Amino acid sequence: MGRKIFISYKYADSDVRHIKGEWYEINTVRDYVDKIESEIDSSDHIYKGESDAEDLSQLSEETIWSKLKNRIYNSSLTIVMISKNMRESWKSDKNQWIPREVSYSLKETSRISSSGVAVTSKTNALLAVIIPDRNDSYSYFTYNKTCCSSGCRIFLTDQLFDIMKKNMFNQKNPNTQICDNRSIVYFGDHSYMTCVKWDEFIEDMNKYIDKAYEIRDNIDNYEITNSI
């Protein structure tokens, strides 16, 4: 389908389910990113924080950010990998890569093309993929509850960067009901940033990617937050 996808993730977070190599080998979120790249439609293009065999560690932060912005500008969908230790609580969001990448993804940015014409990028579609932790659990971020007769899924949004949290449950006119315990339950496409478990996503990636683009096509239905 020729989609251009930027993946934002905490490269070295190793509190993840083992999916590659011998049982004693340490896996990281990067192994999940590589799995997406190996499974996705060959006509799609994946942009990552670091490309294979690319070492950005010796570059200045300004140079790294310039490279990242170019990759985000050339993409139309940002996939954020939610992992247990992606957020460093002792640092401000402005000093961490994921919120900066998400923020730039959601902005319409104008650049002058080689022909001298101003070209403005559209706001990216936004999809979050939840990675199971080393105990094979998603409960650090999401779990199901039965307090409502219809059942519901809980998202612990306080575990997220603020810009991600603000782009969830942000539909202007959401379809809601009152749960048996008087809490509010949301239905339908209630969030600009849809969240999906890894096991569901990898089983049918196109389904969730297409949904993210469908939501972007209806972006006026959402209160978008694009600043950190």
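**Exercise 1. In this predicted model, find which residues Ser191 touches, leaving out residues up to four places away in sequence, and decide whether Ser191 is buried or exposed.**

Solution. Begin by locating the residue: Ser191 lies in the loop that runs between β10 (184-187) and β11 (194-197). Next, list its partners, which are Asn167, Met168, Phe169, Asn170, Ile215 and Tyr222 once residues up to four places away in sequence are not counted. Then turn to the polar atoms: the side chain of Ser191 reaches the backbone nitrogen of Phe169 at 2.7 Å, and a polar contact of 2.7 Å also links the side chain of Ser191 with that of His190. Finally, consider accessibility: the relative accessible area of Ser191 is 3%, so the residue counts as buried, the cut-off for that class being under 20%.

**Exercise 2. Work out where Asn175 is found, which residues it contacts beyond its neighbours within four places in sequence, and how far its C-alpha atom is from that of Ser75.**

Solution. The first step is to place Asn175 in strand β9, which covers residues 175-178. The second step is to set aside the neighbours within four places in sequence, after which the contacts of Asn175 are Val185, Tyr186 and Phe187. Of these partners, Tyr186 has its place in strand β10. The third step concerns distance: Asn175 and Ser75 are 100 residues apart along the chain, and their C-alpha atoms are separated by 31 Å. As a last step, classify the two residues by accessibility: Asn175 is partly exposed because its relative accessible area is 45%, and Tyr186, at 30%, likewise counts as partly exposed.

**Exercise 3. Identify the residues that form a nonpolar patch on the surface together with Tyr186, and give their accessible area.**

Solution. Starting from Tyr186 in strand β10, add Ile178 and Ile184, which form the nonpolar surface patch with it. Taken together, Ile178, Ile184 and Tyr186 have about 270 Å² of accessible area.

**Exercise 4. Compare the reach of helix α2 with its expected length, then state which of its residues are buried and what covers them.**

Solution. Helix α2 spans residues 61-73, a run of 13 residues, and from its first C-alpha to its last it reaches 18 Å, which is close to the 18 Å expected at 1.5 Å a residue. Within α2, the buried residues are Ile64, Trp65, Leu68, Arg71, Ile72 and Tyr73. An α-helix has 3.6 residues a turn, so residues three or four places apart point the same way. To complete the picture, look at the cover over the buried residues of α2, which includes the strands β1 (4-8), β2 (45-48), β4 (110-112) and β5 (118-120), as well as helix α3 (97-106).

Key. Residues numbered from 1 in each chain as written. Predicted model: local features only at pLDDT ≥ 70, side-chain atom pairs only at ≥ 80, totals over all residues. Heavy atoms only, no water. Helix = DSSP H or I, 4+ residues; strand = E, 2+ residues; numbered from the N terminus. Expected span 1.5 Å × (residues − 1). Buried < 20%, exposed > 50% of the residue type's maximum accessible area, 1.4 Å probe, protein only. Contact = heavy atoms within 4.5 Å. Polar contact = N/O pair within 3.5 Å; in protein donor to acceptor, adjacent residues only side chain to side chain. Patch = residues over 30% accessible without salt bridge, like charges linked within 9 Å, V, L, I, M, F, W, Y side chains within 5 Å. Areas by Shrake-Rupley, 256 points an atom, 1.4 Å probe, with all protein chains shown as cover. Salt bridge = Lys/Arg side-chain N within 4 Å of Asp/Glu carboxyl O.
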